[in-house]
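Visitor: I have a chain on my screen and would like a friendly tour. Could you walk me through it?

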Amino acid sequence: MDVGELLSFKPEQTPKRPSDFERENQDDDDDDHSPEPPVRGQPPKKVSRGEQNPSARGNPLPIPTKEPQITEEERLNILKFVETEEPDGEVLDEGGLKKMLLLFEKRVLKNQEMRIKFPDHAEKFMESEIELNDAIQELHALATVPDLYSLLVDLNGVASLLELLSHQNSDISVAVVDLLQELTDVDILHESLDGAETLIEALRKQQAAGLLVQNLERLDETVKEEADGVHNTLAIFENLIEVKSDIAREVAEQGLMQWILKRLRAKIPFDANKLYCSEILSILVQDTNENRITLGNVDGIDVLLQQLAAYKRHDPSSAEEQEFMENLFNSLCSALMAKENREKFLKGEGLQLMNLMLREKKLSRNGSLKVLDHAMAGPDGRDNCNKFVDILGLRTIFPLFMKTPKRSKKRLLSTDEHEEHIVSIIASMLRNCKGSQRQRLLSKFTENEFEKVERLMELHRKYLDKVEAMDREIDQQMHANEEEEQDDDMLYVKRLSGGLFTLQLVDYVILEICCTDVVKQRVLKILNLHNGSMKMIRNIMREYAGNLGDASDSDWREQEQAHILQLIDRF
């Protein structure tokens, strides 16, 4: 029944008002009704406000008597009180936590006793299990006071909670995981650095990662609660790594990486947990070289290639699945930064898969370009570079070099990113290929009337303009902030991101292909035509050689610098 029907309801004992009285007092009735809400859609004669409260008919402003006005200051004070004030007894303090933990320990002990006493009669120990679950739920209040984490550790609460991860009832272990996920929430940990440090160290000391992985092994993801438990477990690992990045190596060593790879291989429809697994894997290998090597040792490269093969001819069916695919590509790129994995990638026919993805023109083309760039870069990419030429990869890469695909919702790489990866791949092949493979590569620049040389010089002009614009911008900032000390390394990084890195790669390719006289003559002709200069290219490459950095391999660095300076002198 709506408000209009309520207002139009008339008890039987109330006589209908005469029509002449209605006409005489219609104006007064309208006045009385005007402050009421607009939902009162009935005619004035059905409201009968005057009959119900005759005394109000002489008072034109009844509202203030019903809702006393308060000042703005009083209103703000009330709001502040509601937001900040908490009822007495609900703020957890040391005493409250001690009582809570004591009750928790008692219920753990009682449940253990009942399970030992009646192992085959669930109804006998079920009540103690429910009480234990309630005690775990009550500990969620601790997440609001991270300063008390130290007391939780001192009272052996962390150890008791971790012991319950192996409880016979998976509901109890899932409840503990849910609690740990909330306790390790990054925002909460940042509220108390001391409490966070104490809790994390306690978890590390108790080998929490290994216990969590063991619990993952027994959870059945067809049960929603247990699937949520898997998700929360992965969230715990993410929280810990975000606060302390060196934990990534520990959790991988304690079995998390093997479990993730097993979960990725499982014949289960794509879901949120599979997406989360790909995210955690990407985090594990992003900055930790030991984890990259571990990934290769447990056949992780093959697993990634098998999962990515599904997107060779088909695009992901949803935004979440697209994110999953990108996480796999990122994990593979990170893994290839360890030289031990380059050979595994080669033997697993990763080059053939990436080459097919480039030809198919699906979403996976973006990721395959990045993977090829990582697989062929540096001295460790020599075998991959030669193999790529052997599998006719030049027929795939040079059409992309000649014409950059237009960016759209499906083509996520920007034009600059696409050109950077393509030029980097070509530069790596020129650096690493020898013999017949190098000759096949160089011949590409002479075919079709030097069209690829023309394209290369076009890219040189494009990125030279970008770098000059960036240099002007930096000069203006330095003049505006003359008093501030400028960091040369930061300025160089800014120039690199502003187009210098791609320009260096383009000019490196120019120097390499100019070993052929006919190509060199063509380059000089194009430079003169557009008022360019050889001196500019030489200066860019000298700067590149001077900043060439790979501290982990000083021999390669010295050899590369000598090679570049030799190319400059010959040019």
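**A walk through the chain**

Guide: Gladly! In this predicted model, 74% of the contacts with a separation of 6 or more are between residues 24 or more positions apart.

Visitor: What does the secondary structure of the chain come to?

Guide: Let's start with burial: of the 571 residues in the chain, 45% are buried. As for secondary structure, the chain comes to 0 strands and 33 helices.

Visitor: Which helix gives the most to the largest nonpolar core?

Guide: That core has 149 residues, and L256, L332, F345, M354 and M429 have the most contacts inside it. The helix that gives the most to this core supplies 10 residues, and that helix is α30, residues 488-513.

Visitor: Which residues is L332 in contact with, leaving aside its neighbours within four places in sequence?

Guide: L332 is among the residues with the most contacts inside the core, as are F345 and M354. Leaving aside neighbours within four places in sequence, the contacts of L332 are I301, L304, L305, L308, F345, M354 and V371.

Visitor: Are the buried residues of α31 on the same side or on opposite sides?

Guide: Helix α31 runs over residues 517-529 and reaches 18 Å from its first C-alpha to its last, close to the 18 Å expected. Its buried residues are V519, K520, V523, L524, I526 and L527. They cover an arc of only 165 degrees around the axis, so they lie on the same side.

Visitor: And which residues are exposed on the other side of α31?

Guide: The buried residues of α31 have cover that includes α29, α30, α32 and α33. On the other side of α31, the exposed residues are D517, Q521, K525, N528 and L529.

Visitor: How do α18 and α19 lie: roughly parallel, roughly perpendicular or oblique?

Guide: Residues L281, L284, V285 and Q286 in α18 meet N291, R292 and L295 in α19. The axes of α18 and α19 are 6 Å apart, at an angle of about 120 degrees. Roughly perpendicular covers 65 to 115 degrees and roughly antiparallel needs over 145. That makes α18, relative to α19, oblique.

Visitor: Is N386 buried or exposed?

Guide: N386 is found in helix α25, residues 382-390. Leaving aside neighbours within four places in sequence, N386 is in contact with N432, C433, K434 and Q437. The cut-off for burial is under 20% relative accessible area. At 16%, N386 is therefore buried.

Note on methods. Residues numbered from 1 in each chain as written. Predicted model: local features only at pLDDT ≥ 70, side-chain atom pairs only at ≥ 80, totals over all residues. Heavy atoms only, no water. Core = buried A, V, L, I, M, F, W, Y, C linked by side-chain atoms within 4.5 Å. Buried < 20%, exposed > 50% of the residue type's maximum accessible area, 1.4 Å probe, protein only. Helix = DSSP H or I, 4+ residues; strand = E, 2+ residues; numbered from the N terminus. Contact = heavy atoms within 4.5 Å. Expected span 1.5 Å × (residues − 1). Arc of directions from axis to C-beta. Axes fitted to C-alpha atoms, helices over the stretch in contact; angles between N-to-C directions. Parallel < 35°, antiparallel > 145°, perpendicular 65-115°, else oblique.
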